[in-house]
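Hi there,

I'm passing a structure over to you, as promised. Have a look at it first, and then read on for my notes.

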There are 2 protein chains.
Amino acid sequence: MSYYDYQLTIDKILNYIMSSYPNREIVYWPYNGRRTMLTNTQFNHRVRQVASLLLELGAKRGEAGRPGTRVAVLDWNSLRYGELYYAVPSIGATLFTVNVRLAPQEIIYTMNVAKPELLFINIDDFSPLLKPIMGNVNSIKYVIYMSDENKVPDDHVDVKMLNYYDETAKQGEASFPELDERTPATMLFTSGTTGLPKGGIHTHRGLVLHSLATIGAVVQPPIELKNLDTAMPLVPMYHVHAWGMPYSLPLAGVKIVYPGKFEWGHMLRLIAEEKVTFTAGVPTILYALLSHPDSPKYDLRGVKMIIGGAALPKGLLDAAVARGMTVISGYGLTETAPILTISHLRPEHASLDGESRKEVEIRTGLPVPLVDLRVVDQYDNDVPPDGKTIGEIAVRSPWIFKEYMGDEEKTRNAWRNGWFHTGDAAVRLPDGYVKIVDRMKDVVKSGGEWISSLRLEDLISTHPSVAAVAVIGVPHDKWGERPVALVTPKKGQQLREEDIIRHLERYVSEGAIPKWWLPDKVIIVDELPLTSTGKVDKKSLRDRYGNVLKQK
Amino acid sequence: MSYYDYQLTIDKILNYIMSSYPNREIVYWPYNGRRTMLTNTQFNHRVRQVASLLLELGAKRGEAGRPGTRVAVLDWNSLRYGELYYAVPSIGATLFTVNVRLAPQEIIYTMNVAKPELLFINIDDFSPLLKPIMGNVNSIKYVIYMSDENKVPDDHVDVKMLNYYDETAKQGEASFPELDERTPATMLFTSGTTGLPKGGIHTHRGLVLHSLATIGAVVQPPIELKNLDTAMPLVPMYHVHAWGMPYSLPLAGVKIVYPGKFEWGHMLRLIAEEKVTFTAGVPTILYALLSHPDSPKYDLRGVKMIIGGAALPKGLLDAAVARGMTVISGYGLTETAPILTISHLRPEHASLDGESRKEVEIRTGLPVPLVDLRVVDQYDNDVPPDGKTIGEIAVRSPWIFKEYMGDEEKTRNAWRNGWFHTGDAAVRLPDGYVKIVDRMKDVVKSGGEWISSLRLEDLISTHPSVAAVAVIGVPHDKWGERPVALVTPKKGQQLREEDIIRHLERYVSEGAIPKWWLPDKVIIVDELPLTSTGKVDKKSLRDRYGNVLKQK
């Protein structure tokens with residue numbers, strides 16, 4: 001007897017496309033290079049050639065709970081990245097998708113945590129990083145360089161340098177080992193707005209289930225993804241598996257377009273020439289597609305898009321819909337592979353008109369299958385689904401980091417009572433949809449109830465004389481914390497504390513916010529401190545204004 | 001720290017519908033009773049009440065590799081069966097879906113293998129079975145009777161009899177234990193055309209994955225299932241989980257209609273009144289819907305259907321398409337939960353006209369995600385994808401019986417070389433689709449090559465004087481086996497061996513079959529022996545004619 005205990009491993013997705021969509025296309029067309037088109041059959045062949053190279057270079061397999069050889073990749077959204085997404089995990093090694101947007105010293109920090117032995121690097125854009133990396137990360141045994149412009153590296157480094165295309169082209173097809181589905185497949189780092197990036201591991205099992213489940217949600221209205229679609233992922237492949245699309249899209253049988261580096265004019269051209277019907281990305285991407293000087297030349301009707309990474313602003317949705325696009329929201333974290341929710345429509349929304357439909361589409365959404373999602377108060381009790389009471393999103397799913405590497409405290413803090421606490425503050429609407437209102441660390445915790453700093457900032461910013469605003473929670477003897485607003489006036493305008501309070505009192509009388517949300521203090525300032533990524537630095541504001549509500 | 005290791009258990013499907021589709025409807029409307037409508041929220045409440053009753057009656061949970069208390073159910077497609085589909089596995093007990101179409105002594109045989117402690121029985125139709133079961137199956141501790149007509153049982157039996165609705169209505173909501181996903185969820189028996197029915201077990205893991213994966217295929221053209229659909233499963237719930245629909249349809253967010261006993265006029269009425277847009281069943285069901293005297297009164301346009309259990313005949317597809325229906329094929333076995341393939345369309349078929357599209361729709365199909373499928377020869381090598389060479393379908397998937405209970409030999413024979421051998425003979429078309437041509441046991445194995453008895457029978461039956469035909473493999477000294485045809489002429493007609501051979505030679509010259517497929521002998525007989533289910537009894541023919549090719 002030889003029963004086969006089928007494991008949920010990433011090579012099974014390759015099996016699927018080989019049997020069900022052998023001739024479906026994958027296109028790679030970077031702005032600085034030529035168009036390449038592979039069928040799934042050819043892609044499978046390439047993946048196995050790359051896998052063969054990995055084995056030749058000594059990559060070793062891991063097992064449940066223990067990563068294999070880490071393989072670091074620095075690249076844009078390329079076909080070769082797509083090949084590595086399959087080849088690395090399928091031999092049991094661990095794909096380390098290096099976040100190229102981090103500062104060089106942060107990249108080096110994450111590398112010294114991950115300890116990769118192989119480094120795949122796009123030298124068209126990242127060759128300046130090569131020397132600093134090789135000078136500071138001594139785990140690397142081989143560098144495999146990749147170029148769309150037939151470049152070769154200038155820099156001399158102390159390990160062997162190999163050309164990706166030359167080396168893989170001469171390989172035969174590797175066959176894949178039988179892996180336990182709990183073998184690590186990828187290693188990712190959170191972008192770490194506070195403190196150093198934290199690493200974690202996603203398993204084969206998690207990623208296969210994430211793919212099946214997210215497709216199960218994206219096929220619903222209004223996206224209705226099906227095998228007739230052409231999809232171009234506009235989420236970087238170094239950012240949480242490009243939201244899982246390199247693994248999930250093949251299950252949907254769609255044509256896939258990898259656009260290389262995100263060059264807006266080129267991406268618009270690809271949408272037209274490759275007849276792209278589906279994409280996904282952060283709001284900035286959508287904004288860029290709509291506002292690029294060439295944009296009016298392109299017909300975006302029928303292009304469907306999922307927006308994540310930040311809330312979908314209503315104005316941006318309006319602009320996209322005016323161009324004939326269909327746009328909804330998604331939500332997730334690095335720790336959650338990433339997708340947790342998608343704001344697809346229910347049957348009762350089928351007849352909604354434009355504005356009420358948009359109100360649903362900009363929500364954070366509904367959990368996809370295999371995600372159990374709660375919005376909980378500080379005692380981990382569910383908040384009432386009233387659209388008002390703020391709680392923290394806590395989830396269970398097969399695709400969540402088991403732990404933050406080397407950070408027991410952060411792990412323990414996230415995994416409380418068997419639920420992973422996301423750090424996102426949200427309300428649950430009466431019909432069950434979730435809507436994020438803030439980050440938990442920015443929520444003002446007042447007397448056991450939570451106040452959304454974002455919501456107050458939104459309302460204060462509608463005052464005609466306000467240039468910028470930040471609301472922070474400031475320690476308070478009686479209530480624990482109370483909101484304090486820091487406001488900068490527009491150039492040449494005058495603002496007093498009473499102006500802001502009176503402005504907010506109108507929203508109180510309209511029922512938009514409760515009276516107890518009114519800030520205890522409004523401080524007019526000349527400017528607000530910013531972080532390195534250009535966001536208001538609330539941490540330094542909390543430090544600076546932490547005593548303003550203290551009894552004298 | 002309290003990491004939650006999310007298990008793929010059936011209660012997670014309930015979690016999903018509660019969070020994503022709390023108000024979607026489940027309708028139960030039997031021909032002999034009134035219409036009931038529950039929302040998913042109410043359904044979840046009912047499931048937990050039923051679970052509470054099960055616990056009160058002493059049902060115990062199993063664990064990975066060991067079933068819990070077996071709970072036997074005899075019923076048509078009812079809402080209460082739907083409740084038991086969730087309640088029984090979710091407390092860790094094992095749902096034993098009794099095949100009510102078996103002969104009473106076979107039912108009793110399967111029960112004495114399964115050893116259920118609880119028996120749920122629809123007494124409107126199955127009360128005649130109650131005494132024989134209770135007289136011969138001594139594991140049963142409680143009988144819970146169910147009726148759509150407020151009936152109470154006449155028969156006195158030696159265990160406590162409880163009314164399903166009375167007993168469940170007074171229960172509170174059970175909470176479900178954390179189960180290992182490999183805990184048995186259901187126990188099924190093959191219908192066993194040869195020999196006694198063989199039992200096997202499907203796990204929570206298998207059924208959850210089966211549900212996600214099959215929905216992933218049904219959303220593709222031409223079915224394109226989405227949450228706007230209303231689905232009425234017309235596969236009996238005692239037959240391989242009604243093809244998984246009670247578990248998979250909720251993941252698609254559709255409205256579900258359970259029609260009770262299949263009464264054709266009533267089912268047509270339900271299609272109209274409940275606005276059913278999707279169903280699935282065996283060809284006989286589709287035939288009945290199309291040919292019922294009331295059928296012309298009903299508009300079937302837009303009704304989508306998946307046909308399985310037997311090949312979809314072209315003529316039946318024609319008739320359905322003429323009524324505006326969309327029909328494709330599916331394929332699977334009791335051992336495989338059941339779904340392995342669905343004949344959905346690929347992008348290249350989008351522009352096909354009626355007849356060429358139908359040719360795709362009547363194929364056996366493409367494997368659904370997480371099914372690895374091969375068509376192999378006697379040495380387990382893949383046959384060429386030429387649409388001609390016959391092999392056996394062998395599969396791997398997370399949802400296949402690990403073993404036939406108490407039958408090591410049958411288990412070993414099915415699980416050869418790590419592949420489950422289905423016993424179905426098929427060809428692989430050049431584009432990868434699979435098409436079943438015969439049962440392996442009926443295939444004629446001639447000189448290492450295989451001949452489809454079904455195909456020869458189809459061709460012989462087109463002779464105008466042929467009433468019935470059976471082709472069998474007969475032992476042959478040189479070739480191992482050679483085909484022999486047994487033919488009965490139409491009443492009052494004459495037939496000679498040469499007539500049949502000459503008739504077939506035309507197909508040979510047209511290239512429809514190779515010359516070496518011509519039967520070595522055609523025997524004209526008065527009648528063909530039939531099995532108890534009305535099929536030609538090829539086993540007895542093989543016994544009787546086993547020597548006709550022996551050298552004298």
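Below is what I found, starting with the contact between the chains and moving on to the sheets and some backbone details. Please keep in mind throughout that this is a predicted model.

**Where the chains meet**

Chain B and chain A together bury about 5,100 Å², and 59% of that area is on carbon and sulfur atoms. Each side brings a set of residues to the contact: 62 residues come from chain B and 62 residues from chain A. Looking at polar interactions, I get 25 residue pairs in polar contact between chain B and chain A, counting pairs with both residues at pLDDT 80 or more. On the chain B side, the elements that each supply at least two residues to the surface touching chain A are the helices α1 (11-20), α7 (204-218) and α14 (408-414), along with the strands β16, β19 (415-416) and β20 (419-428). By residue class, that side of chain B splits into 31 nonpolar, 14 polar and 17 charged residues.

**Salt bridges**

How many salt bridges cross the interface of chain B and chain A? The rule finds 7 of them. One example joins the side chains of Asp5(B) and Arg182(A), with an N to O distance of 3.1 Å.

Over all chains, the same rule brings the count to 76 salt bridges. Within chain A, the side chains of Asp431(A) and Arg363(A) form a salt bridge at 3.0 Å, N to O. This pair links distant parts of the chain, 68 residues apart: Asp431(A) sits in the loop between β20 (419-428) and β21 (434-439) of chain A, while Arg363(A) sits in the loop between α12 (354-361) and β16 (366-367) of chain A.

**The sheet of nine strands in chain B**

In chain B, 9 strands make up an open sheet with mixed pairing, ordered β2-β1-β11-β10-β12-β13-β14-β15-β16. The edges are taken by β2 (36-39) and β16 (366-367) of chain B; each has a single partner strand, so one side of each has no neighbour in the sheet. Further in, β13 (residues 304-307) and β14 (residues 326-332) of chain B run parallel and pair over 4 bridges. Ile307(B) is found opposite Ser329(B) of β14(B). Helix α2 (residues 40-56) of chain B lies across β1 (25-28) and β2 of chain B, at about 95° to β2(B).

**The sheet of seven strands in chain A**

For chain A, I looked at an open sheet of 7 strands, again with mixed pairing, in the order β7-β6-β5-β3-β4-β8-β9. Which strands stand at the edges? They are β7 (160-163) and β9 (199-203) of chain A, each with a single partner strand, so one side of each is left without a neighbour in the sheet. From one strand to the next, the twist averages 25°.

Strand β6 (residues 142-146) of chain A runs parallel to β7(A), and 4 bridges join the two. Tyr142(A) has Lys160(A) in β7(A) as its bridge partner. Helix α5 (residues 123-136) of chain A packs on this sheet and touches β3 (70-74), β5 (118-122), β6 and β7 of chain A. The direction of α5(A) makes about 145° with that of β5(A).

**Backbone details**

If you plan to check the backbone, here are some places to look. A cis peptide bond joins Pro221(A) and Pro222(A), with omega about 0°; Pro222(A) is in the loop between α7 (204-218) and β10 (230-233) of chain A. The peptide bond from Ala337(A) to Pro338(A) is cis as well, with omega near 10°, and Pro338(A) lies in the loop between β14 (326-332) and β15 (339-342) of chain A. In chain B, His241(B) has a positive phi of about 55° although it is not a glycine. His241(B) belongs to helix α8 (residues 240-243) of chain B.

Happy to talk any of this through.

Best wishes

How values were computed. Residues numbered from 1 in each chain as written. Chains lettered and ligands numbered in written order. Predicted model: local features only at pLDDT ≥ 70, side-chain atom pairs only at ≥ 80, totals over all residues. Heavy atoms only, no water. Pairing = 2+ DSSP bridges. Contact = heavy atoms within 4.5 Å. Axes fitted to C-alpha atoms, helices over the stretch in contact; angles between N-to-C directions. Buried area = accessible area lost by both parts, 1.4 Å probe. Salt bridge = Lys/Arg side-chain N within 4 Å of Asp/Glu carboxyl O. Polar contact = N/O pair within 3.5 Å; in protein donor to acceptor, adjacent residues only side chain to side chain. Nonpolar A, V, L, I, M, F, W, Y, C, P; charged D, E, K, R; others polar.
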